[in-house]
Amino acid sequence: MSTNSSPTESPTTEPGPSILAERTLLGIFVHFIAILPFIGPIATVVIYLVSSHEFTRANARNALDWHLFVIGSVLAAFALLIGLDTLFEYVMVPDLLESAVLLPVFVLVLAAMSLGLLSAVIWIVAMAKAIFGEAWRYPFAPELV
């Protein structure tokens, strides 16, 4: 019985890089955690504040920037819509002018809600990028943290 390699021969492949030294599981899954209703953004803040690993902090910062952007956009759009609607209850303006003002605001509300729906796709992309070692900046989201 012959073998192709002798016991003194070194292996032909070298071990791969230590993946968890470069990136952490928390740095990868922080995107999934952030999408959870109610506790997600709070957990992301906690992860960002307590983590000492730069990869985890970068991913938590990116996820937090996105969710602050989405939450802020939705709140601002609805506040504008409700505020203008309330204003038009007390101030008489022609219907055409009211419609001309409220239509773009309604479009802003739809855009803000679309950002929320886009989160379901965005976190999958961000998590996939994190698996391969990239702290991906979410599109459209300004650097808030």
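**Two helices and three salt bridges**

Visitor: Which residues of H2 and H5 meet?

Guide: From H2 come Gly 27, Ile 28, Phe 29, His 31, Phe 32 and Ile 35, and they meet Ser 119, Ala 120, Trp 123, Ala 126, Met 127, Ala 130 and Ile 131 of H5. Keep in mind that this is a predicted model.

Visitor: How do the residues of this contact divide into nonpolar, polar and charged?

Guide: Ten are nonpolar, three are polar and none is charged. Gly 27, for instance, belongs to the H2 side, and Gly counts as polar.

Visitor: What makes H2 roughly parallel or roughly antiparallel to H5?

Guide: The angle decides. Helix H2 (residues 25–35) and helix H5 (residues 95–131) pack at about 170 degrees, and their axes are 7 Å apart. Roughly antiparallel needs an angle over 145 degrees, so H2 is roughly antiparallel to H5.

Visitor: How many salt bridges does the whole structure have?

Guide: A search finds three.

Visitor: What makes Asp 65 and Arg 137 a salt bridge?

Guide: Their side chains come to 2.9 Å, N to O. The cut-off is within 4 Å, so the pair counts as a salt bridge.

Visitor: Which parts does this pair tie together?

Guide: Asp 65 sits in helix H4 (residues 54–90) and Arg 137 in the segment after H5, so the bridge ties together parts that are 72 residues apart in sequence.

Visitor: Why is Asp 65 called buried or exposed?

Guide: Its relative accessibility is 0%. Buried means under 20%, so Asp 65 counts as buried. Its partner Arg 137 has 29%; that value lies between 20% and 50%, so Arg 137 is partly exposed.

Visitor: How do you know that Arg 61 and Glu 54 form a salt bridge?

Guide: Their closest N and O atoms are 3.9 Å apart, and that is within the 4 Å cut-off. Arg 61 has 21% relative accessibility, so it counts as partly exposed, given that buried means under 20%.

Visitor: And what about Glu 134 and Lys 129?

Guide: Their side chains also meet in a salt bridge, at 3.9 Å from N to O. Glu 134 has a relative accessible area of 37% and is partly exposed. Lys 129, at 32%, counts as partly exposed too.

Visitor: Where is confidence lowest and where is it highest in the protein chain?

Guide: Helix H1 (residues 19–22) is lowest, with a mean of 59, and helix H3 (residues 39–50) is highest, at 90. The chain averages a pLDDT of 82, with 85% of the residues scoring at least 70. Where pLDDT is low, predicted coordinates should not be read in detail.

Notes: Residues are numbered from 1 along each chain as its sequence is written. This is a predicted model: local features need pLDDT of at least 70, side-chain atom pairs count only at pLDDT 80 or more; totals for chains, interfaces and linings use all residues. Side-chain values use heavy atoms; hydrogens and water are left out. Axes are lines fitted to C-alpha atoms, for helices over the stretch in contact, and angles run from 0 to 180 degrees between N-to-C directions. Helices (H or I, at least four residues) and strands (E, at least two) are DSSP runs, numbered from the N terminus. Angles under 35 degrees count as roughly parallel, over 145 as roughly antiparallel, 65 to 115 as roughly perpendicular and the rest as oblique. Contact means heavy atoms within 4.5 Å. pLDDT is the predictor's confidence in each residue, from 0 to 100. Buried means under 20% relative accessible area, exposed over 50%, partly exposed in between (1.4 Å probe, protein chains only).
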